[in-house]
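Trainee: Hi! Could you walk me through this one before lunch?
Mentor: Sure, let's open it up and talk it through.

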Amino acid sequence: MGLDALLAQVHACRICIGAAKPLPHEPRPVLQPGPKARILIAGQAPGLRVHASGRPFTDPSGVRLREWLGVTEAIFYDPREVAILPMGFCFPGLDAKGSDLPPRPECAPAWRAKLLAAMPKIELVVCLGSYAMRWHMGRAWPGSVDAAVRNWRVGLALTPAVIPLPHPSWRNSGWLKRNPWFAADLLPELQARVARLLAPRA
Ligand code: SF4
């Protein structure tokens with residue numbers, strides 16, 4: 001099946017409406033597939049703001065993520081350059097404390113492998129969150145986001161290469177201050193790889 005047909009199926013998906021714990025709103029899948037993209041952003045699930053906008057990373061986390069990647073908004077939202085597939089495509093709702101629920105467990109088994117098969121040029125997967133790391137790192141997943149990020153060079157040996165990141169939420173600013181190696185070592189490697197994988201521009 002071609003990517004366009006697959007995407008039409010994703011946008012018509014109602015799997016989580018019929019689940020034992022149904023999605024508390026109409027599905028609104030938010031993703032940016034890129035059949036020619038060489039960079040994939042593998043996130044968790046849309047938050048409320050992204051659910052409203054229908055566009056991935058239209059929030060302060062997106063601003064920081066683009067800074068980390070060293071790319072403009074124009075490049076980030078160009079599916080020829082960057083594909084964006086969260087582990088759950090729809091906003092999963094909030095828990096009793098008002099925090100985002102985890103990605104819907106139905107989503108990745110239903111769609112992820114098919115979509116990835118339609119994006120064969122991916123060479124770098126930038127992973128945010130444990131669900132994406134577990135999926136994309138396979139046996140190299142060390143069991144926690146902290147361990148994965150601290151040992152980030154392990155992912156460079158995978159095919160496609162994986163760079164695990166802490167969530168770019170402003171809530172992680174303290175962690176970033178306490179771990180200066182992240183800006184000194186990881187980010188330059190990330191930015192160099194991203195720059196190499198972007199298509200040459202006329
Ligand atoms: S989260 Fe995924 S599986 Fe669930 S309704 Fe949305 S697209 Fe379908």
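Trainee: Where does Ala 118 lie?
Mentor: Ala 118 lies in the loop between helix α5 (residues 107–117) and strand β3 (residues 124–128). Helices here are DSSP runs of H or I with at least four residues, strands are runs of E with at least two, and both are numbered from the N terminus. One caution before we go on: this is a predicted model, where local features need pLDDT of at least 70 and side-chain atom pairs count only at pLDDT 80 or more, while totals for chains, interfaces and linings use all residues. Residues are numbered from 1 along each chain as its sequence is written, and side-chain values use heavy atoms, with hydrogens and water left out.

Trainee: Thanks! What is Ala 118 in contact with, leaving aside its neighbours within four places in sequence?
Mentor: Leu 3 and Pro 35, once those neighbours within four places are set aside. Contact means heavy atoms within 4.5 Å.

Trainee: And how far apart are the C-alpha atoms of Ala 118 and Leu 6?
Mentor: They are separated by 9.0 Å, although the two residues are 112 residues apart along the chain.

Trainee: Where is the place of Leu 6, then?
Mentor: Leu 6 sits in helix α1, which covers residues 3–11. Leu 6 is buried, with a relative accessible area of 4%. Buried means under 20% relative accessible area, exposed means over 50%, and partly exposed is in between, using a 1.4 Å probe and protein chains only. Setting aside neighbours within four places in sequence, Leu 6 touches Met 1, Trp 111, Lys 114 and Leu 115.

Trainee: Let's zoom out. How many helices and strands does the chain have?
Mentor: Nine helices and four strands. Their order along the sequence is α-β-α-α-α-β-α-β-α-α-β-α-α. The radius of gyration is 16 Å, close to the 17 Å that the globule rule gives for 202 residues, so the chain is as compact as a globular protein of that length. That radius is taken over C-alpha atoms, and the globule rule is 2.2 Å times the number of residues to the power 0.38.

Trainee: What share of the 202 residues is buried?
Mentor: Buried residues make up 48% of them. Also, among contacts with a separation of 6 or more, 71% come from residues 24 or more positions apart.

Trainee: Which residues does Leu 31 contact, leaving aside neighbours within four places in sequence?
Mentor: The list includes Leu 7, Val 10, His 11, Pro 56 and Phe 89. Leu 31 is in the loop between α1 and β1 (residues 39–42), and Leu 31 is buried, with a relative accessible area of 12%. The C-alpha atoms of Leu 31 and Leu 7 are separated by 9.4 Å, with their positions 24 residues apart along the chain.

Trainee: New topic: how many aromatic pairs are there?
Mentor: The count comes to six aromatic pairs. Rings of Phe, Tyr and Trp (its six-membered ring) pair if their centres lie within 6.5 Å; planes under 30 degrees apart count as stacked, over 60 as edge-to-face and the rest as tilted. Take Trp 68 and Phe 182: their ring centres are 5.0 Å apart and their planes are at 70°, so this pair is edge-to-face. Trp 68 lies in helix α3 (residues 60–69) and Phe 182 in helix α9 (residues 181–197), so the pair ties together parts that are 114 residues apart in sequence.

Trainee: Are Trp 68 and Phe 182 buried or exposed?
Mentor: Both are buried. For Phe 182 the relative accessible area is 2%.

Trainee: Which residues form one aromatic cluster with Trp 68?
Mentor: Trp 175, Trp 181 and Phe 182 join Trp 68 in that cluster.

Trainee: Last thing, what kind of peptide bond joins Thr 159 and Pro 160?
Mentor: A cis one, with omega at about -5°. Pro 160 is in the loop between α7 (residues 145–150) and β4 (residues 161–165). Most residues other than glycine have a negative phi, and most peptide bonds are trans.

Trainee: And what is phi of Phe 57?
Mentor: Near 55°, a positive value in a residue other than glycine. Phe 57 is found in the loop between α2 (residues 48–53) and α3, and at 12% relative accessibility Phe 57 counts as buried.
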